[in-house]
Amino acid sequence: MQMLYENLKSVVIYTNFGYQPKEKSYILGNKKILIDTQTIEDYPQLPDNISFTDEEKLQILPANDLIPKLYECENPEQVLDEFVQTLIKTFDAPILIAIAVVIGCCFFELFISNTQGYPYVIFYGESNAGKSTIVHILASIFGITNMTKLTSGTSTMVSLRFQLEKVNNFPVFFEELDNRRMQNIEDLGKDSFSATPRKKSSKDGKEIVTEINTTFCAGTNHFFENMTFANFSRCIPVNLKRDKYDLSDFKYHSKEELTKLSCFLPKILFYRNKILDFYYKQYKIAQKYCSFARICNNIAIGMAI
C-alpha cells in the first residue's frame, strides 16, 4: 500500500468537450488548446510510464459518442487562407456569414454575456443543393470527421436539447431535421439564442434543469412555414438551391481534405481577447444598414469572425 501511495498518478478528466473557463483552455478528444499561452498539449495527458490500450484511453475521455480530434500541421495559416479563398470563390455573402457564425461559436459564452445573443444557423432547401457539404465542412473544423455520428432527423427534441448541454462553445450539428422537428425547433432556437436553461419535472417529482452551453447548425429540406419575426431574427437562415453553386471541383468533399480543416481552429481561438472589439466595430457598421438590433447583432458576429 505504501508503494502504491508513493507512485500515485493523476489524470485530469473533463466533463465536456470545448471551452474550459476555469483554465482558459479548449478540449478536444486528443488535444488541449491553451488560450493564454497559445500552445497545444496532448490530451489526455497520460504519464509516460503508464501504458493504456486504445479502449482504456476512450474510457477516460468524456462520456460522449463524438470524439473530435485536432489535426496539426506546420502551416495552419496556409490551410486557412486556401480554405477562405475557396469559399469566397464558391459561395455568396449569406453563406459566408452563416459559416462564420458557426465558427464563431467557439466564443459562444463571450457573445452571450456581452451581446444580444447568439444565433443558430439553418441551411434549408432542395436535395443535393450543398447543405450536407457545408455542414460537414463546419463539423470538420471542430474535429468531427465521422459524419455518420452527426445527429439525424430521427432525434427527439429532448435529445436535441441534451446535445446542447454536452459541450461548451462547441456547435452541435444536426445534419437533417425532418418536418416534424421543424415545428419545435423555434423554441430550441429561442432558448439557445440567450442560453436560457429549461426546467421540467421528472416522474419522481424532482426538477430537472437542462443547461445550454452552445448553439446549433442544422440542415433541412423544410423551413419554418409559420415562423414569427421574433424567431426569424434569432437565426441565420440560408436558402440553398440546386445547381446554384458549382461544386464539381470543390476539394472539401474528401475525408482527407476535411480532416485538415481542424488545424486552424487554434488560430481562431487565440483571438479570444480581441473578438469583442471586432464585434463592436462591425455592429456600428451594421447599424447603418439595418434598424433591427438583433439582425445587426447576428451580422456583426459573422463579420467579426
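## Aromatic pairs

In this predicted model, Y279 is buried, with a relative accessibility of 3%. Its neighbour in an aromatic pair, Y280, is partly exposed at 37% relative accessibility. The ring centres of Y279 and Y280 lie 5.4 Å apart and the ring planes meet at 65°; because an angle over 60 degrees counts as edge-to-face, the pair is placed in that class.

The structure contains 18 aromatic pairs in total. One of them joins F111 and Y118, whose ring centres are 5.6 Å apart. The planes of F111 and Y118 stand at 50° to each other, and the pair is classed as tilted. F111 has a relative accessible area of 0% and is buried. Y118 is likewise buried, also with a relative accessible area of 0%. Aromatic residues are also found in a cluster, which is formed by F83, F91, Y245, F250, Y252 and F264.

## Cysteines without disulfides

How many disulfides does a search of the whole structure find? The search finds zero. C106 illustrates the reason: the closest cysteine sulfur belongs to C105 and is 7.4 Å from the sulfur of C106, which is too far for a bond. C106 is buried, at 1% relative accessibility.

C296 is in no disulfide either, and the nearest cysteine sulfur, that of C290, is 4.3 Å away. A disulfide requires two cysteine sulfur atoms within 2.5 Å, so a separation of 4.3 Å does not qualify. C296 is buried, with a relative accessibility of 2%.

## Packing of helices α4 and α13

Two packed helices are described by the angle between their axes and by the distance between those axes. Helix α4 covers residues 93-103, and helix α13 covers residues 293-304. Their axes are 8 Å apart and form an angle of about 80°. Are α4 and α13 roughly parallel or roughly perpendicular to each other? Angles of 65 to 115 degrees count as roughly perpendicular, and α4 and α13 are therefore roughly perpendicular to each other.

The contact between the two helices can also be described residue by residue. On the side of α4, the residues are I97, A100 and V101. These meet N298, I299, I301, G302 and M303 in α13. Sorted by class, the contact of α4 with α13 comprises six nonpolar residues, two polar residues and no charged residues. Glycine counts as polar in this scheme, so G302 belongs to the polar class.

Notes
Residues are numbered from 1 along each chain as its sequence is written. This is a predicted model: local features need pLDDT of at least 70, side-chain atom pairs count only at pLDDT 80 or more; totals for chains, interfaces and linings use all residues. Side-chain values use heavy atoms; hydrogens and water are left out. Rings of Phe, Tyr and Trp (its six-membered ring) pair if their centres lie within 6.5 Å; planes under 30 degrees apart count as stacked, over 60 as edge-to-face and the rest as tilted. Buried means under 20% relative accessible area, exposed over 50%, partly exposed in between (1.4 Å probe, protein chains only). Axes are lines fitted to C-alpha atoms, for helices over the stretch in contact, and angles run from 0 to 180 degrees between N-to-C directions. Helices (H or I, at least four residues) and strands (E, at least two) are DSSP runs, numbered from the N terminus. Angles under 35 degrees count as roughly parallel, over 145 as roughly antiparallel, 65 to 115 as roughly perpendicular and the rest as oblique. Contact means heavy atoms within 4.5 Å.
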